[in-house]
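Reader: I am new to this structure and would like to go through it with you. May I ask my questions as they come?

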Amino acid sequence: EQCIWTSNAGNRTERTCKSYLCSALALCGLVCDNESCPEISFIANCKDQARILLEHCKGQCSTLDPKRKIFKTFRSNILCDQVRGRISILSSDTSKLDGRSDSLFIQDEAHAAKTNEIFDVLKTGQGSRKQPLAISCTTAGFLVGSQYPLYGQWENCCNILKGLVTDDSWFQAIYQIDEEDDWQNENVWIKA
């Protein structure tokens, strides 16, 4: 399964909402998916960007488990001994990612990815999982054209939403103003 979450809003509130939702999905994937030894990874074009999702997760862990009986938080990961699982951030260096078997990975700010290499390596590694999930979330970016991975995903999602393509393995949520909308009209901003 794949999911893409995009927003053209670009303001701090929207980025925080996206990040908060993705970190909540990661925690849910860790404890609720009934995967054997779940591995959840956050990826981005740099570790600092991926760390934002991890920090949101840590905040949610401290709210859900203030006595740290379930979640053990560390600088670069979160462990859950009860399910023998972890949430971690990964380097964007694909040569160090072979052999992974993530049950869930979340690619943050996917618009900045110039290639699909890291996504493809992690997606391929999910083959042994019974219900793998890959999530791309992003704000709008400037890498436009079918040679860029997110743009291709966006086009595919638009075609699914328009009914031009049928693919039940994708869920898409695209929040943007309509093409005919005046972007300076504050009344249409709610769409994004």
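Reader: Does the length of helix 4 fit its residue count, and what span should its 13 residues have?
Author: This is a predicted model. At 1.5 Å a residue, the 13 residues of helix 4 (residues 149–161) should span 18 Å. The end C-alpha atoms of helix 4 are 18 Å apart, so the two values agree.

Reader: Which residues in helix 4 are buried?
Author: Pro149, Leu150, Gln153, Cys157, Cys158 and Ile160 are buried there. As background, residues three or four places apart in an α-helix point the same way, because there are 3.6 residues a turn.

Reader: And which glycine follows helix 4?
Author: Glycine 163 follows, and its phi is positive, near 80°.

Reader: Changing topic: how many disulfides are there?
Author: The count comes to 0 disulfides. Cysteine 28, for instance, is in no disulfide, and its nearest cysteine sulfur, that of cysteine 32, is 4.0 Å away. A disulfide would require the sulfur atoms to lie within 2.5 Å.

Reader: Is cysteine 28 buried, exposed or partly exposed?
Author: Cysteine 28 is partly exposed, with a relative accessible area of 37%.

Reader: What about cysteine 37, and how far away is the nearest cysteine sulfur?
Author: Cysteine 37 is in no disulfide either; the nearest cysteine sulfur belongs to cysteine 80 and is 11 Å away. With a relative accessible area of 25%, cysteine 37 is partly exposed.

Reader: On to the rings, then. How many aromatic pairs does the structure hold?
Author: The structure holds 1 aromatic pair. The ring centres of phenylalanine 105 and phenylalanine 119 are 5.2 Å apart and the planes are at 75°, so the pair is edge-to-face.

Reader: Where in the chain do phenylalanine 105 and phenylalanine 119 sit?
Author: Phenylalanine 105 is in strand 6 (residues 104–108), while phenylalanine 119 is in helix 3 (residues 117–125). The two are 14 residues apart, and the pair links distant parts of the chain.

Reader: What relative accessibility does phenylalanine 105 have, and what relative accessible area has phenylalanine 119?
Author: Phenylalanine 105 is at 0% and counts as buried. Phenylalanine 119 is buried as well, at 4%.

Reader: Finally, the whole chain: how many helices and strands?
Author: The chain has 4 helices and 8 strands. From the N terminus on, the elements run β-α-β-α-β-β-β-β-α-β-α-β.

Reader: What radius of gyration does the chain have?
Author: The chain has 17 Å, which agrees with the value near 16 Å for a compact globule of 192 residues. Of those 192 residues, 41% count as buried.

Technical notes:
Residues are numbered from 1 along each chain as its sequence is written. This is a predicted model: local features need pLDDT of at least 70, side-chain atom pairs count only at pLDDT 80 or more; totals for chains, interfaces and linings use all residues. Side-chain values use heavy atoms; hydrogens and water are left out. Rings of Phe, Tyr and Trp (its six-membered ring) pair if their centres lie within 6.5 Å; planes under 30 degrees apart count as stacked, over 60 as edge-to-face and the rest as tilted. Buried means under 20% relative accessible area, exposed over 50%, partly exposed in between (1.4 Å probe, protein chains only). The expected span of a helix is 1.5 Å times one less than its number of residues. The radius of gyration is taken over C-alpha atoms; the globule rule is 2.2 Å times the number of residues to the power 0.38.
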